[in-house]
Number of protein chains: 2
Amino acid sequence: MSAQVQNSFRALADPTRRDILMLLSRQEMTIGEIAAEFPITRAAVKKHLNMLEEGQLISVHPSGRERINRLQPQGLKNVTEWMSYFDQFWDDKLSALQDVFNNQ
Amino acid sequence: MSAQVQNSFRALADPTRRDILMLLSRQEMTIGEIAAEFPITRAAVKKHLNMLEEGQLISVHPSGRERINRLQPQGLKNVTEWMSYFDQFWDDKLSALQDVFNNQ
DNA sequence: TACATATGATACCGTTTGGTTTCATATATT
DNA sequence: AATATATGAAACCAAACGGTATCATATGTA
């Protein structure tokens with residue numbers, strides 16, 4: 001349960017993986033199609049996709065010899081729910097908001 | 001600008017750092033006080049605090065020989081804003097929501 | 001002034017991460 | 001059946017990460 005939250009946060013911590021999610025937001029894609037958009041090898045992309053899947057940020061759907069990678073909302077949900085705890089510090093502690101302007 | 005987003009995501013990717021944020025949500029604390037709550041050395045906590053500061057998740061305020069660590073909302077804001085792009089896939093693509101139930 | 005305390009910084013270590021190359025396997029296509 | 005294509009997996013490497021121990025420094029306190 002909490003391990004899923006960790007996997008989601010970890011998956012989002014890499015800029016390439018976040019870019020992959022942006023790509024997949026427009027259309028579902030195969031590994032080869034995704035790899036063509038980045039200056040890294042298909043093997044490296046595959047590792048990123050594995051982490052994204054572990055973080056529940058994508059789902060993978062076999063179709064013949066291809067594997068379709070599709071955006072999945074659960075991972076973002078895990079992160080959003082963890083962060084929602086801090087919403088109160090936006091509302092309650094106005095001093096926190098002031099810090100945005102005061103500190104540096 | 002985008003480097004700040006990366007620093008915020010990276011800072012949140014470690015469970016100890018997220019626990020530190022939970023602690024700081026209740027009260028601002030010195031490094032020593034935070035370190036007393038974890039089974040790791042003060043030096044390790046200091047490294048975590050450095051990353052949290054780089055990610056704009058905390059602000060540090062010197063007070064005599066102590067340094068007060070305080071929650072700062074900007075880091076969470078960075079992450080929330082990046083993720084807000086995906087809100088439309090909650091609303092528009094209902095198929096994405098179905099995946100939560102269908103896949104696995 | 002001398003000593004205690006709170007923190008900072010550096011060197012070091014094992015593990016994880018992001019990447020490559022290479023080889024294997026499964027599915028289309030001719 | 002033979003070949004091409006799409007993917008998986010493993011071995012390997014340099015860099016980053018999470019941690020420790022140690023030493024230095026700045027601020028209170030007796």
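Visitor: What makes E1-E3-E2 the order of the open sheet in chain B, and how do the strands pair?

Guide: Welcome! In this predicted model, chain B has an open sheet of three strands in the order E1-E3-E2, with antiparallel pairing. Strands pair if DSSP finds at least two bridges between them. Six bridges join E2(B) to E3(B), residues 66-71, so this pair meets that cut-off. Within it, B:Ile58 stands opposite B:Leu71 of E3(B).

Visitor: Why are E1 and E2 of chain B called edge strands?

Guide: Strand E1 (29-30) and strand E2 (58-63) of chain B each pair on one side only. Helix H2 of chain B, residues 15-26, packs on the sheet and touches E1, E2 and E3 of chain B. The direction of H2(B) makes about 95° with that of E3(B).

Visitor: Over in chain A, why are H2(A) and H4(A) called roughly perpendicular?

Guide: Helix H2 (residues 15-26) and helix H4 (residues 42-54) of chain A pack at an angle of about 75°, with axes 10 Å apart. Angles of 65 to 115 degrees count as roughly perpendicular, and H2(A) and H4(A) therefore earn that description. H2(A) brings A:Thr16, A:Arg17, A:Ile20 and A:Leu21 to the contact, while H4(A) brings A:His48, A:Leu49, A:Met51 and A:Leu52. By class, five residues of this contact are nonpolar, two polar and one charged.

Visitor: How do you know how the two copies are related?

Guide: A rotation of 180° with 0.0 Å of shift along its axis superposes chain A on chain B, with an RMSD of 0.0 Å. The copies are thus related as by a two-fold rotation axis. In chain A, the C-alpha of A:Ala13 is the nearest to that axis, 3.0 Å from it.

Conventions: Residues are numbered from 1 along each chain as its sequence is written. Chains are lettered from A and ligands numbered from 1 in the order in which they are written. This is a predicted model: local features need pLDDT of at least 70, side-chain atom pairs count only at pLDDT 80 or more; totals for chains, interfaces and linings use all residues. Side-chain values use heavy atoms; hydrogens and water are left out. Copies are superposed by least squares on the C-alpha atoms of residues with pLDDT of at least 70 in both. Axes are lines fitted to C-alpha atoms, for helices over the stretch in contact, and angles run from 0 to 180 degrees between N-to-C directions. Helices (H or I, at least four residues) and strands (E, at least two) are DSSP runs, numbered from the N terminus. Angles under 35 degrees count as roughly parallel, over 145 as roughly antiparallel, 65 to 115 as roughly perpendicular and the rest as oblique. Contact means heavy atoms within 4.5 Å. Ala, Val, Leu, Ile, Met, Phe, Trp, Tyr, Cys and Pro count as nonpolar, Asp, Glu, Lys and Arg as charged, and the others, Gly among them, as polar.
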